[in-house]
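Colleague: I'm new to this one, so could you walk me through a single part of it up close?

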Amino acid sequence: MPEHKPWQQSHNTFDTVTRGNFTLANKLSSNHNAGLHAEAVIDPDVAPRAVAYEVLHNSFHLEFATHTQLQGEVKSTTQTVNEMFAAFPKDYLRSWHRIITGVYDEGSDGYVRLFPKARKPFYKGTFVNRVVAFDAFDLALTSETNLELIDLRALVIEYIADLKAIIQKQKDAQEKLKASSARLEPKRVACMKLMFSNLGFFIEKYPDSPKDIERTFDLTSIRRYALAAEVVSNEVVVSIAAGHQKEAGISLTPTMKLLVKNPTDLPIIIFLSGSNVENQEVPDTHYELAPHSEEELFVAQIGNPQYRYMYILNENSTVDAQVSIMILN
């Protein structure tokens, strides 16, 4: 049976190539808006369309500027969070540890009560789990009567307050960016729909002169992105922020074989879980993928093959990571 392929012009190419790409949408829209006004100077029939499109374009462009500014805020606050976590082992944990070992011998009951899982939870795992470790450490210090440990708790409280404040600032910026994206998307769609309508107008006006049609549209950018937008692949690319984990979004089967690639300079931890709860602890059975490497892995090599969910963990405190996963069978 021949494969069904829809007529190439039966969908809105402007919408297709700009989905998930507000920057390209703004470029196409700005070019089209300017083109319409240029055409209107020589053709009065175009003037109403230029006026109508400018209203939509200006609304989209203004929100796009806001969106770009909020992206900068998210990047800035994220960098501050990453730097605080990255500096912790060297600038804080060592000095805290020295104070504690001056009171309790390492491995003693008092030491274990403060560090039940040693120091690893403070600099390994997701940022959320590390904050939990700080809070637990603070609670453990509340019953201490030693003056040095009382003073230490004051330092711990100050650090946790500063850390949570910047994390909250990051979350606020992310929420504002998310809200801007929600406002921007329908504006993008509206611009692309009217642009598609205008294409029909110019095709009718210049059926024998494609060059006259092209003057009003940025076809170079469309051609560059159209192929990439229509490619269908069984490869999944997962981006993981510094100090975070992410569910890969793949429906696993017990016998599945995967090609996993790590193009970054960071080691990546891959593990399986029976649930999709956020910020899970890494189980004893997991797979560590070395930097700049690729491996063919059966699900059973990563963890329990009966588990449905695959997680990627980036423990690095400063650098984001990316992993590609291709289903081989």
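What do the buried residues of α5 pack against?

Modeller: Keep in mind that this is a predicted model. The buried residues of α5 pack against α3, α4 (109-114), α6 (147-205) and β3. Let's start with α5 itself and then look at some of those partners.

Helix α5 runs over residues 127-141, so to speak a stretch of 15 residues. From the first C-alpha to the last, α5 reaches 21 Å, close to the 21 Å expected at 1.5 Å a residue. Its buried residues are Phe-127, Arg-130, Val-131, Ala-133, Phe-134, Phe-137, Asp-138, Ala-140 and Leu-141.

Two of those, Phe-134 and Phe-137, belong to an aromatic cluster. The other members of that cluster are Phe-88, Tyr-92, Trp-96, Tyr-111, Phe-115, Phe-122 and Tyr-159. In the whole structure there are 23 aromatic pairs. One of them joins Phe-88 and Trp-96: the ring centres lie 5.2 Å apart and the planes stand at 75°, so this pair is edge-to-face. Both Phe-88 and Trp-96 are buried. Another pair is Phe-201 with Phe-202, where the centres are 5.1 Å apart and the planes at 85°, so that one is edge-to-face as well. Phe-201 is buried, with a relative accessible area of 18%, and Phe-202 counts as buried at 0%.

Now for α3, one of the partners of α5. Helix α3 covers residues 47-101, which makes 55 residues. Its span from first C-alpha to last is 79 Å, close to the 81 Å expected at 1.5 Å a residue. There is a bend of about 60° in α3 at Phe-88, and a proline, Pro-89, follows within four residues. Phe-88 is also a member of the aromatic cluster.

The strand partner, β3, takes us to a sheet. Here four strands form an open sheet in the order β3-β8-β5-β6, with antiparallel pairing. β3 (244-247) and β6 (287-289) stand at the edges with a single partner strand each, so one side of each has no neighbour in the sheet. On average, neighbouring strands of this sheet are turned by 25° against each other, direction ignored. Towards the other edge, β5 (residues 268-273) pairs with β6 in the antiparallel sense over three bridges, and Ile-270 stands opposite Tyr-287 in β6.

Terms used
Residues numbered from 1 in each chain as written. Predicted model: local features only at pLDDT ≥ 70, side-chain atom pairs only at ≥ 80, totals over all residues. Heavy atoms only, no water. Helix = DSSP H or I, 4+ residues; strand = E, 2+ residues; numbered from the N terminus. Expected span 1.5 Å × (residues − 1). Bend = angle between axes of the 7 residues up to and from the residue. Pairing = 2+ DSSP bridges. Axes fitted to C-alpha atoms, helices over the stretch in contact; angles between N-to-C directions. Buried < 20%, exposed > 50% of the residue type's maximum accessible area, 1.4 Å probe, protein only. Contact = heavy atoms within 4.5 Å. Phe/Tyr/Trp six-rings, centres within 6.5 Å; stacked < 30°, edge-to-face > 60°.
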